[in-house]
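Reader: I am new to this structure. Please take one sheet and look at it closely. Then lead me on to other places worth a stop.

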Amino acid sequence: MRPILMKGHERPLTFLMYNREGDLLFSCAKDHDPAVWSADNGERLGTYRGHNGAVWSCDISRDSSMLITGSADQSAKLWNVKSGTPFYTFNFDSPTRSVDFALGDKLAVITTDPFMGHTSAIHIKQIARNPEDQTAKSVLTITGPVGRINRAVWGPLNRTIISAGEDTIIRIWDSETGKLVNDSGKEDGHKKPITSLVKSADGSHFLTGSLDKSAKLWDTRTLKLIKTYGTERPVNAVAMSPLLDHVVLGGGQDASSVTTTDHRAGKFEAKFYDKILTEEIGGVKGHFGPINALAFNPDGRSFASGGEDGYVRLHHFDPDYFNINL
């Protein structure tokens, strides 16, 4: 499985996302400029210039016409995917972390970090059909928990919002009232900050990754813990195959905490696990530094990883991959 190496960012990668058709791959990094690539051959198609800080996350509308990005420059931007121009900027009082379009693309959830006396917050914004009608009006603002929310996504039918972050607790909020519906208990939950959260293709369950060197699979409606996947280093990114019962975890010690004597240093691999049996089934090496971002193509036939080394690696699976027997 020869990866395609994509060099377009000057700084570490933070987030990767495919569009619904799986022909485009969007990447965010600390270098201010999100990029879009051909998911087939890794050709760079364009760059979105306009942010003045690290870009932490992005999402793409269902028809691939609109991109939303969240940045440390205290803004979230809506972009025309084709032209690369930003057509609206949501400004906040603190850095923007996570962005996610609702089903139907009429709403977006945007989280902001604790900053200068502001606590973390979850903002629900209306997204106009016509870019010229776009306003900054918030439908709802939920004051978040202490510490940063690293990821917030919509639950089934846009009725809830699932958030997770530094305080290790997963919360489910009512998206109409902003009331807390459910949260993960201390017994089952992560023991260190949650870095990543990704939903299954059908939205029935989701996967979280944490600095406690584990990933956990949860039932979306009940928040019941289904499975735990253990690994030997902090998990920065998680992804789930839409085709097979596979989950993939990426991470690694931060460069500052890797000692010269660490015999595993440099082995920053994306590790594959059987979703049901929780056993490790393989790994893909290649990055020089921790993996910060992972995404599966919606067709399940390829995946991408983004690292601290500034590279995006695009992997198309060999036929053998689809016949792995445990």
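Author: What follows starts with one sheet and then moves to strands, loops and cysteines elsewhere.

First, some ground rules. This is a predicted model, in which local features need pLDDT of at least 70 and side-chain atom pairs count only at pLDDT 80 or more, while totals for chains, interfaces and linings use all residues. Residues are numbered from 1 along each chain as its sequence is written, and side-chain values use heavy atoms, with hydrogens and water left out.

Now the sheet. It is open, has four strands and runs in the order β1-β28-β27-β26, with antiparallel pairing. Its edge strands are β1 (4–7) and β26 (291–296), each paired on one side only. From one strand to the next, the twist averages 20°. Three terms need their cut-offs here. Strands (E, at least two residues) and helices (H or I, at least four) are DSSP runs, numbered from the N terminus. Two strands pair if DSSP finds at least two bridges between them. For the twist, axes are lines fitted to C-alpha atoms (for helices, over the stretch in contact), and angles run from 0 to 180 degrees between N-to-C directions.

Look inside the sheet next. Strand β27 (residues 302–307) meets strand β28 (residues 311–316) in an antiparallel pair of five bridges. Within that pair, Gly 306 stands opposite Val 312 in β28. In a regular strand, side chains alternate between the two faces of the sheet.

The loop between β27 and β28 holds Gly 310. Is Gly 310 buried or exposed? Gly 310 is buried, because its relative accessibility is 2%. The cut-offs are these: buried is under 20% relative accessible area, exposed is over 50%, and partly exposed is in between (1.4 Å probe, protein chains only). Which residues does Gly 310 contact, leaving aside neighbours within four places in sequence? They are Met 6, Lys 7, His 9, Arg 11, Pro 12 and Leu 13. Contact means heavy atoms within 4.5 Å. Gly 310 also has a C-alpha atom 9.9 Å from that of Asn 292, a residue 18 places away along the chain.

This region also appears in a record. In an unreviewed entry, UniProt lists "repeat: WD" at residues 6–47, 48–89, 142–183, 187–228 and 284–314. UniProt positions are given in the numbering used here, feature names are shortened, and annotations may be inferred rather than shown by experiment. Take the stretch 284–314: it is 0% helix and 65% strand, and its end C-alpha atoms are 11 Å apart. The stretch 142–183 is 0% helix and 52% strand, with end C-alpha atoms 15 Å apart.

The stretch 187–228 leads to Ser 196. Ser 196 sits in strand β18 (residues 194–199). Ser 196 has a relative accessible area of 8%, so it is buried. Its side chain makes a polar contact of 3.2 Å with the side chain of Thr 195. A polar contact is a pair of N or O atoms within 3.5 Å; within protein, one must be able to donate a hydrogen and the other to accept it, and residues adjacent in sequence count only if both atoms are side-chain atoms. Beyond four places in sequence, Ser 196 touches Leu 207, Thr 208, Gly 209, Asn 236, Ala 237 and Val 238.

Another strand to visit is β12 (residues 121–126). Why is β12 largely enclosed by the rest of the structure? Because five of its six residues are buried. Strand β11 (residues 107–112) pairs with β12 in the antiparallel sense over six bridges. β12 also pairs antiparallel with strand β13 (residues 138–143), over five bridges. His 123 takes part in both: it is the bridge partner of Ile 110, and Thr 141 in β13 is a bridge partner of His 123.

Now two loops. Most residues other than glycine have a negative phi. Ser 64, not a glycine, has a positive phi of about 60°. Ser 64 lies in the loop between β6 (55–60) and β7 (66–71), and its 14% relative accessibility counts as buried. Thr 278 also has a positive phi, near 60°. Its loop joins β24 (268–274) and β25 (280–287). Thr 278 is partly exposed, at 27% relative accessibility.

Last, the cysteines. How many disulfides does the structure hold? Zero. A disulfide is a pair of cysteine sulfur atoms within 2.5 Å. The cysteine sulfur closest to that of Cys 28 is in Cys 58, and at 3.6 Å it is too far for a bond. Cys 28 is buried at 0% relative accessible area, and Cys 58 is buried at 1% relative accessibility.
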